[in-house]
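Colleague: Could you walk me through this one before I go back to the bench? I would like the overall layout, and then whatever holds the inside together.

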Amino acid sequence: MMNQLHQQSQYQKGDWVTGKSVHDELIHGYVESVNNYLGTIKIFVLECDNPETVGKTIETFQNRISQLEEPDFEKDESYLLNLIEVSLITKDKEWFMELSDQLNQLRNESEEVVLC
C-alpha cells in the first residue's frame, strides 16, 4: 500500500485533464498542483456539470482523472474565451491582451473564409 502512495504522478502543473471530482461532478480543467504522497491532484475547473464549481480549484484523486491532449488554442474560439476568463480572474492584463489579439485574429480568419 505504501508503494502506491509514493508513486510518481503522470501529471504535471499545467496539464489539461478531465474526470470526476470526489463529489462525482464531471470536471474539465488544468492541473495546478500534484500531491504524490496522498495521490491527489488540484485542478482549476473550467467546465463542470455543477456551475458552482466552475472557476474554482478542487482537489480529487489522481485515479479519477485522465489527461487530455493539449488543445490548439489558436484555432479554438471556446478555449480562447475560457483562457480570457482565466486571465480576467487572475488580473493578468498582458495575457488578456495577447489572448484577445489571438481571438480577434481567429474571428477575422473565419470571416474571410465565409466571404469567399
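**Layout and packing**

Modeller: Read from the N terminus, the elements of the protein chain follow the order α-β-β-β-β-β-α-α, which makes three helices and five strands; helices (H or I, at least four residues) and strands (E, at least two) are DSSP runs, numbered from the N terminus. This is a predicted model, in which local features need pLDDT of at least 70 and side-chain atom pairs count only at pLDDT 80 or more, while totals for chains, interfaces and linings use all residues. Residues are numbered from 1 along each chain as its sequence is written, and side-chain values use heavy atoms, with hydrogens and water left out.

Colleague: OK, and how much of the protein chain counts as buried?

Modeller: Of its 116 residues, 34% count as buried, where buried means under 20% relative accessible area, exposed over 50%, and partly exposed in between (1.4 Å probe, protein chains only).

Colleague: Which strands pair with β3, then?

Modeller: Strand β3 pairs in the antiparallel sense with β2 over eight bridges, and with strand β4 (residues 57-61), also in the antiparallel sense, over five bridges; two strands pair if DSSP finds at least two bridges between them. On the β2 side, serine 33 stands opposite lysine 42 of β3, and on the β4 side isoleucine 41 stands opposite threonine 60. The hairpin of β2 and β3 has four residues between the strands, and glycine 39 takes a positive phi near 75° there.

Colleague: Is β3 largely enclosed or open?

Modeller: Seven of the nine residues of strand β3 (residues 40-48) are buried, so this strand is largely enclosed by the rest of the structure.

Colleague: Switching topic, how many aromatic pairs does a search find?

Modeller: Three turn up in the whole structure, given that rings of Phe, Tyr and Trp (its six-membered ring) pair if their centres lie within 6.5 Å, with planes under 30 degrees apart counted as stacked, over 60 as edge-to-face and the rest as tilted. One of them joins tryptophan 16 and tyrosine 30 edge-to-face, at 5.7 Å centre to centre and 65° between the planes. Tryptophan 16 is in strand β1 (residues 16-20) and tyrosine 30 in strand β2 (residues 26-35), so the pair ties together parts that are 14 residues apart in sequence. Tryptophan 16 counts as buried at 6% relative accessibility, as does tyrosine 30 at 18%. Ring pairs link Trp16, Tyr30, Phe44 and Tyr79 into a cluster.

Colleague: And which residues make up the largest nonpolar core?

Modeller: There are 12 of them, including Trp16, Tyr30, Phe44, Tyr79, Val86 and Leu103; a nonpolar core is a set of buried Ala, Val, Leu, Ile, Met, Phe, Trp, Tyr and Cys residues joined through side-chain atoms within 4.5 Å. At least two residues of this core come from each of β3, α2 (77-89) and α3 (93-115), and α2 gives the most, with five. A second, separate core of 10 residues includes Ile41, Val45, Ile58 and Ile65.

Colleague: What is leucine 103 in contact with, leaving aside neighbours within four places in sequence?

Modeller: Leucine 103, which sits in helix α3, is in contact with Glu77, Leu80, Leu81 and Ile84 once those neighbours are set aside, contact meaning heavy atoms within 4.5 Å. Leucine 103 is buried, with a relative accessible area of 6%. By the same exclusion of neighbours within four places, valine 86 is in contact with Tyr30, Phe44, Leu46 and Trp95.
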